[in-house]
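Reader: I would like a close look at one part of this model, with its surroundings described carefully and the reasoning laid out step by step. Please take the structure shown here as the basis.

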Amino acid sequence: MEFKDYYKTLDLERSATPEEVRKAYRKLARKYHPDVSKEPDAQLRMRDINEANDVLHDKEKRAAYDALADRVARGGSATGEAGRAGGGFQPPPGWDEGFEFHRGPGQGPADEAEFSDFFSSLFGSARARNAQQRSQSMRGEDHHAVIEISIEEALHGSEREITLRVMEIDKDGQPGFVSRTLHVKVPAGVHPGQFIRLAGHGMPGQGGGAPGDLFLEVRMTAHKFYRVDGLDLYLTLPVTPTEAALGAQVQVPTPAGSVVEVTVPPQARNGLKLRLRGRGLHGKSPGDLYLLLEIALPPADTEAARQAYRQLAEALPFNPRRHLGGQGV
């Protein structure tokens, strides 16, 4: 058995803050979760990621692990008799003295039964011993998953059913993944990066303890018209050359379902950005809707259209390449 570097597993420095641990875990969980990952070793990597998060997310476990890692780094004092005889790592007697390990809310989506022998050698027996000392119930762990919603759902809310692969403990006490269908209410005003909490849908508690919760991280699906940037939305608005040159009043649909009239200023350039304040996603400070003008040329697909273009060229001589000098003439 080898000593495991949990910081390396999460690609972190030892000085990482709790927030950095949380972000690193979520980033790797999105990449290696068996529901979405195409990596051949996704399930094993996910186990290692869950295990590292379980230790580094818990203040007591992390402190004890860091102290033990220091002993390993110094060499010669981190193995017991069994370790020296077998040639592998074994935690020394009394290494965990002064620490109390327990699993609180939000520690990670996996149960320690699926973790490595290294984890069990450190925290399994300690946890059992502390559980006997405390003789109290323990709340189940929280689960985390992702839900993708449309812009319309973010603005108006919705109700839907989702199917997730979650870990459960069977009647024999063994962990395994099962499919679970849940009814989810998406509240109006939710935006990317927020979490929808489903109380009681995490891991079951122990000793009569309450189950954990399920937290769904909100992401936005791609929209055929709008692009999301934080709480702001962007829409490419086609205008005719005449509308761009002379100015015009044009009607524009909004993501909320209404239609507004927008003023296109005279001599508008391609890519000009118009702002509709407060027409983006909801929030404490609502986002805006930005209109990016795109000049659309009428097709010259008939003789009448081609003749109109010829007349325009004669009536309005224009060289857009003049600024290039002789090569653009």
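Author: In this predicted model, a suitable place to begin is Asp288, which has a relative accessible area of 7% and therefore counts as buried, since that value is under 20%. The side chain of Asp288 meets that of Arg275 in a salt bridge, with 2.8 Å from N to O. This pair links distant parts of the chain, because Arg275 belongs to strand 10 (residues 273–276) whereas Asp288 sits in the loop between strand 10 and strand 11 (289–295), and the two are 13 residues apart. The two partners also fall into separate accessibility classes: Asp288 is buried, while Arg275, with a relative accessible area of 43%, is partly exposed.

A second pair can be read in the same careful way. Asp213 forms a salt bridge with Arg197, and the closest N and O atoms of this pair are 2.8 Å apart. Arg197 lies in strand 4 (195–198) and Asp213 in the loop between strand 4 and strand 5 (214–220), so the salt bridge ties together parts that are 16 residues apart in sequence. Here Asp213 is buried, because its relative accessible area is 6%, whereas Arg197 is exposed, because its relative accessible area is 52% and the class begins over 50%.

The pair of Lys4 and Glu51 adds another setting, for their side chains meet in a salt bridge with 3.7 Å from N to O. Lys4 lies in the segment before helix 1 (6–9) and Glu51 in helix 3 (residues 42–57), so this contact ties together parts that are 47 residues apart in sequence. Both of these residues, Lys4 and Glu51, are buried. Nor does the pair stand by itself, as salt bridges that share partners join Lys4, Arg47, Asp48 and Glu51 into one network. Counted by the rule of a side-chain nitrogen of Lys or Arg within 4 Å of a carboxyl oxygen of Asp or Glu, the salt bridges come to 15.

Turning from charged pairs to nonpolar side chains, Ile295, Leu297, Tyr309, Leu312 and Leu316 form a nonpolar patch on the surface, and together they have about 470 Å² of accessible area. One of these residues, Tyr309, is placed in helix 9 (residues 303–315). Tyr309 has a relative accessible area of 30%, and it is therefore described as partly exposed.

Note on methods:
Residues are numbered from 1 along each chain as its sequence is written. This is a predicted model: local features need pLDDT of at least 70, side-chain atom pairs count only at pLDDT 80 or more; totals for chains, interfaces and linings use all residues. Side-chain values use heavy atoms; hydrogens and water are left out. Patches are made of residues with over 30% relative accessible area and no salt bridge: like charges are joined within 9 Å, nonpolar side chains (Val, Leu, Ile, Met, Phe, Trp, Tyr) within 5 Å. Accessible areas come from the Shrake-Rupley method with a 1.4 Å probe; for residues, only the protein chains shown count as cover. Helices (H or I, at least four residues) and strands (E, at least two) are DSSP runs, numbered from the N terminus. Buried means under 20% relative accessible area, exposed over 50%, partly exposed in between (1.4 Å probe, protein chains only).
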